[in-house]
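Colleague: I have a new model open on my screen. Could you show me how to read it?

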Amino acid sequence: MTPSISELVDLPRAVRREFGYKLSLLQHGDEQESPDIKRFGEDDRIAHLTKVVVNGADGNTYRLAATVEFEEGIWVIDVFVKKSSSGISTPQKDIERIVRRLKRLKDFRASPEGQKVIQEMKAEYAEAVRLQETTEMPGSKYRRK
């Protein structure tokens, strides 16, 4: 399991559900519907990444870093609890970890193994689109016409 996935699994259930909902907004281009979906502004190296914020019932603020820059889908790069007391900015140690993980993602995508995963993701997406086009989904605003 990749670090981001294991970090997500360890989060409280309500936080995971909220991240899932906000990622679905991002996936469908509806990120403007949530003020908790925005770009990282603290560092030029990650300014193109999407930051998703969830305020947990436990009083913690959870953040997820993702990229939508690749055609095969959304890649979750990092998930963490913001522990900084210095306002809303992301702590430097978290930024550095995100930068390292982004580099690893780009290296992985360029590898033969990564290319295989990308092709599998594209095939799964094509199958989902095919099923959506052939299945009546009452009430879905994402239904193909």
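Modeller: Happily! Helices (H or I, at least four residues) and strands (E, at least two) are DSSP runs, numbered from the N terminus. Here the elements run α-α-β-β-β-β-α-α from the N terminus on. This is a predicted model, where local features need pLDDT of at least 70, side-chain atom pairs count only at pLDDT 80 or more, and totals for chains, interfaces and linings use all residues. Residues are numbered from 1 along each chain as its sequence is written, and side-chain values use heavy atoms, with hydrogens and water left out.

Colleague: What percentage of the residues count as buried?

Modeller: Buried means under 20% relative accessible area (1.4 Å probe, protein chains only). Of the 145 residues of the protein, 36% meet that mark.

Colleague: Which residues of α4 are buried?

Modeller: Gly114, Ile118, Val129 and Gln132. Their cover includes α3 (92–110).

Colleague: Why should helix α4 span 33 Å?

Modeller: The expected span is 1.5 Å times one less than the number of residues. Helix α4 (residues 112–134) has 23 residues, so 33 Å is expected, and its end C-alpha atoms are indeed 33 Å apart.

Colleague: And which residues touch the most other members of the largest nonpolar core?

Modeller: Such a core is a set of buried Ala, Val, Leu, Ile, Met, Phe, Trp, Tyr and Cys residues joined through side-chain atoms within 4.5 Å. In this one, of 14 residues, they are Leu8, Leu11, Val15, Phe19, Tyr62, Leu64 and Val79. The largest share, five residues, comes from α2. Another core, of 12 residues, lies apart from it and includes Ile46 and Phe80.

Technical notes. Buried means under 20% relative accessible area, exposed over 50%, partly exposed in between (1.4 Å probe, protein chains only). Contact means heavy atoms within 4.5 Å.
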